[in-house]
Amino acid sequence: MDNIYRPYLMTISDMIDEAPGVRTFRLNFSDEEEGKNFKFQTGQFGLYSVFGAGESTFCIASSPTREGYIECTFRETGRVTKALRELNIGDTLGFRGPYGNVFPIEKWEGKNLVFVAGGIALPPLRSVIWNCLDLRDKYKNVTIIYGAKTIHDLVYKNELKEWDARDDVNLVTTVDPGGETPEWTGKVGFVPTVVEEAAPDSKDTIAIVCGPPIMIKFTLPVLEKLGFKQDKVYTTLENRMKCGLGKCGRCNIGCTYVCKEGPVFTAEEISKMPDEF
Amino acid sequence: MEKLLNKNNFDSLITGLKKQGYKTIAPRKDNRLVTLEEIQDANEISLDHVITNNSIKEYFLPKTEKILSYTIDKNKVEIEEPEGFAVKSVIFGSRPCDAFSLPVMDKVFNWDCVDKFWVERREAVTIVTISCDKCDSYCFCTSVGLAPDAKQGSDVLLTKISNDDYLVETVTEKGENLIKELESVFSDPPSDTPDRQVATVEKKFDISKIKPWLDENFEHDVWDDFSNKCIGCGACTFVCPTCHCFDIVDECTMTKGDRVKNWDGCQFKMFTMHTSGHNPRSTQGMRWRQRIMHKFKYYVEKFDSTLCVGCGRCSRVCPADMNISEMLEIIETEAGK
C-alpha cells in the first residue's frame with residue numbers, strides 16, 4: 001500500500017530573493033520519471049519539507065504551463081521556513097502534493113480578469129496569472145492590482161517589471177502610506193482603496209483576490225460595490241494544515257475542509273461559511 | 001456462530017493465541033488503573049472494571065508513530081519506509097464503545113486516499129469485545145445509538161451469562177476464523193436462552209435533537225459558557241477513542257531522522273494558529289464549539305456517523321470536571337426552547 005505521507009525528493013535548481021525574508025526556490029524532481037508523471041493545476045498546494053526540520057504548507061507558485069519544475073515562495077517566519085532559507089542550490093527537499101482544488105480557468109475563457117493581491121499572497125496568484133498570460137488569447141483584459149507594506153516588501157520585482165512593460169497587462173502597484181520612497185511611481189494606499197480607485201469594470205469580469213484576512217475582508221465589499229457578483233469573485237484560503245489530505249482535522253471552517261474542498265473558493269461559497277476565518 | 005467460554009479456559013485461550021502467533025492486548029490492572037496493554041498471562045486480565053483508562057485508539061493510531069525515516073548525507077536524502085508496524089494481534093476484552101470507534105474512524109482514514117498506517121493495523125488486529133456488565137455515571141453509549149452489548153466494530157462479542165461463563169458470538173469472518181483456530185477452548189452454547197448480564201446504561205439525551213440545533217447555533221452563548229472551566233489541557237482529546245487529529249513533525253539528528261505523526265487536539269491554542277499569529281479559533285469557546293460541532297455535526301454530514309461513542313472518558317479525566325454529556329443535555333434543553 002502506498003504511503004500517502006511520503007514526499008517526492010526535489011532538488012533546488014535555482015533561487016531568487018524576492019523581498020526581505022522572502023525567497024523563491026525552483027524545484028526539479030530528483031527522479032526524472034516522477035517528474036514526467038507529475039501533473040498539477042493552478043491553485044493547488046503542497047507540503048514542502050526540510051528533512052530534519054519538518055513540513056510546511058505553501059501553494060505551488062509556478063504555472064502548470066511551465067513544465068519540468070515547480071516553484072515555491074516563502075517568507076522566513078518559523079522553524080521550517082528558517083531551515084528552508086538555509087538550503088542552497090543543489091540541496092534536496094521534500095514535496096507532497098498537489099493537493100486541493102483548482103482555479104477554474106477554463107470557465108473564465110473569453111472574460112476579463114482582475115487579480116488583486118496583498119503582500120506575500122501574490123505567489124498563489126502568480127501561478128494563475130502566468131497560466132492565463134501563457135494562454136493570453138483566451139482572455140480579454142487582464143488587470144493586476146498588487147500592494148505591499150513597503151516597496152521592499154513587493155515580491156517578484158522582476159516579474160512586476162515584466163508585467164508593467166506588457167501592453168496586454170494593466171498593472172497597478174501600491175504600497176501602504178509610509179512605505180514609499182521619493183522615487184516610487186506607483187500608488188500609495190491600502191489595497192481596498194486602490195481597487196476602488198482603479199474601478200475595474202465588472203461586466204464580463206472575473207476577480208481573483210488573495211491576501212491577508214483583513215485585506216480580503218475590506219476588498220470584497222469594494223468589489224461588490226463595483227458590481228461584481230459573489231460567484232464571479234475567487235479567493236484562496238490558507239489555514240494551518242498538517243496532512244493536506246482531510247485527516248489531521250484542523251483546517252476546517254465549519255464543515256468545509258480547506259485542504260480538500262479548497263483552497264480555492266468563490267466569495268459566494270465563503271459567504272455561506274460560518275465566521276471562523 | 002455461537003459458543004461458550006468458561007473463565008477457567010482463559011488461560012488456554014491466551015496460550016492458544018500465543019501459539020497461533022498473536023500478540024494479546026487486554027485490560028490489565030496496575031494499581032488502581034486498568035489499562036489496555038500487552039499481556040503474557042491470563043491472570044493479568046482484569047474483568048471487574050467499567051472501562052479501561054486508555055481507549056483502543058492507540059493500537060491503530062499510536063500516540064507517536066513513524067511515517068517515514070530518512071538519512072541525510074551532505075545534500076542527498078534517502079527515504080526509508082517504516083515496516084513491521086502492523087502486528088498480528090488480538091485485543092481481548094475491549095468494550096463495545098471502543099470497538100465501535102473503529103468503523104467510525106475507518107471513514108476518515110479511508111476517504112479519498114487511504115492511510116496505510118491505520119488500514120494495515122486494522123487488518124492485522126482482531127477485536128474480541130466483552131459486553132459491559134456494569135457501567136458508571138459517565139457512560140452514555142445508549143444516548144449516541146449504541147448499547148453495552150453492541151456488536152458493531154467487534155469481530156467476536158463475549159457476554160457474561162453466569163459467574164463463570166461467557167456466551168461467544170462471532171460477528172465477522174475474521175472473528176469466526178479466530179474461534180476456529182482455537183476451537184478446543186470453547187464448548188457448545190447453552191440450548192436454552194441464556195441470561196445475558198448486561199449493564200443498564202441510562203439514556204441522557206435525545207441525539208436526534210442535537211444536530212438540528214447545532215445547524216442553527218454556530219453563534220451562541222453556550223460555547224463560552226461551556227468553556228469557562230476549561231484549562232485547555234487537551235486530556236479529553238487524548239483519551240477519546242474517536243479524536244483522531246494529529247500533528248506531523250520531524251525528529252532527527254544531523255544525519256538521520258524520522259518523520260512522525262503525533263496525537264494533537266483541537267483544545268490547544270496552537271492547533272489552528274497561523275504563522276502570522278492570526279488564529280481562526282482564538283478563544284477556548286471557539287475550540288469547544290469545534291469539538292462539539294466536529295463530533296455531532298461535521299462528521300455526521302461528511303461521513304454519516306457521530307464522532308462520539310459515549311464512553312465518557314473525556315469527562316472522567318477532565319481536571320476541571322467538565323462533562324460532555326451534560327453539555328449535550330444543555331443543548332437538548334436549548335433545542336426544546
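Into which domains is chain B divided? Select chain B and colour residues 2–185 as domain 1 and residues 207–336 as domain 2, since those are the two parts of the division. Keep in mind throughout that this is a predicted model.

**Stop 1: chain B as a whole**

Show chain B alone, as a cartoon. Its secondary structure comes to 10 helices and 11 strands. Turn the C-alpha trace along its principal axes, and the spans are about 65 × 65 × 40 Å. Chain B has a radius of gyration of 22 Å, which agrees with the value near 20 Å for a compact globule of 337 residues. Of the 337 residues in chain B, 45% count as buried. Now consider the contacts in chain B between residues at least 6 apart in sequence: 70% of them join residues at least 24 apart.

**Stop 2: between the domains of chain B**

Go back to the two colours. The C-alpha centres of domain 1 and domain 2 of chain B lie 25 Å apart. Across the boundary, 33 residues of domain 1 of chain B are in contact with 28 residues of domain 2 of chain B. On the domain 1 side, select β4 (64–73) and α2 (96–110) of chain B, the elements that give two or more residues to the side touching domain 2. Which element gives the most to this side? That is β4(B), with 10 residues. Colour the domain 1 side by residue class, and it divides into 18 nonpolar, 8 polar and 7 charged residues.

**Stop 3: the domains of chain A**

Hide chain B and show chain A. The domain assignment here gives domain 1 (8–99) and domain 2 (112–236). The centres of these two domains of chain A, taken over C-alpha atoms, are separated by 24 Å. How many residues of domain 1 of chain A are in contact with domain 2 of chain A? There are 15, and they meet 16 residues of domain 2 of chain A. To find the domain 1 side, select β1 (8–19) and β5 (70–75) of chain A, which are the elements giving two or more residues to it. By class, this side of domain 1 of chain A has 7 nonpolar, 6 polar and 2 charged residues.

Next, select residues 5–105 of chain A. An unreviewed UniProt entry annotates this stretch as "domain: FAD-binding FR-type". Over residues 5–105, chain A is 13% helix and 46% strand. The end C-alpha atoms of the stretch are 29 Å apart.

**Stop 4: where the chains meet**

Show both chains. Here 43 residues of chain B are in contact with 34 residues of chain A. On chain B, the elements that give two or more residues to this side include β5 (76–80), α3 (116–124), β11 (256–263) and α8 (284–303). Also among them are β4 and α2 of chain B, the elements already selected at the domain boundary. The largest contribution to the side of chain B that touches chain A is from β10(B), which gives 6 residues. By class, that side of chain B has 24 nonpolar, 7 polar and 12 charged residues.

**Stop 5: the nonpolar core**

Select F115(A), I208(A) and I91(B), the residues with the most contacts inside the largest nonpolar core, which has 168 residues. The largest share of this core comes from α2(B), with 8 residues. Zoom in on F115(A). Leaving aside neighbours within four places in sequence, F115(A) is in contact with L125(A), I129(A), T143(A), I144(A), I145(A) and I208(A).

**Stop 6: four cysteines of chain A**

Select C243(A), C248(A), C251(A) and C259(A), listed by UniProt under "binding site" in an unreviewed entry. They are spread over 17 residues of sequence but cluster in space, with a largest C-alpha distance of 10.2 Å.

Start with C243(A), which lies in the loop between β12 (233–236) and β13 (252–253) of chain A. Is C243(A) buried or exposed? C243(A) is buried, because 26 other C-beta atoms lie within 10 Å. Beyond four places in sequence, C243(A) is in contact with C248(A) and I248(B).

Move to C251(A), found in the loop between β12 and β13 of chain A. C251(A) counts as buried because it has 25 C-beta neighbours inside 10 Å. Not counting residues up to four places away in sequence, C251(A) touches N239(A), R240(A), M241(A), Y257(A), V258(A) and C259(A).

Notes. Residues are numbered from 1 along each chain as its sequence is written. Chains are lettered from A and ligands numbered from 1 in the order in which they are written. This is a predicted model: local features need pLDDT of at least 70, side-chain atom pairs count only at pLDDT 80 or more; totals for chains, interfaces and linings use all residues. Domain bounds come from an automatic or database domain assignment. Two residues are in contact if their C-beta atoms, placed from the backbone, lie within 7 Å. Helices (H or I, at least four residues) and strands (E, at least two) are DSSP runs, numbered from the N terminus. Ala, Val, Leu, Ile, Met, Phe, Trp, Tyr, Cys and Pro count as nonpolar, Asp, Glu, Lys and Arg as charged, and the others, Gly among them, as polar. UniProt positions are given in the numbering used here, feature names are shortened, and annotations may be inferred rather than shown by experiment. The radius of gyration is taken over C-alpha atoms; the globule rule is 2.2 Å times the number of residues to the power 0.38. A residue is buried if 20 or more other C-beta atoms lie within 10 Å of its own, exposed if 12 or fewer, and partly exposed in between; C-beta atoms are placed from the backbone. A nonpolar core is a set of buried Ala, Val, Leu, Ile, Met, Phe, Trp, Tyr and Cys residues joined through C-beta atoms within 7 Å.
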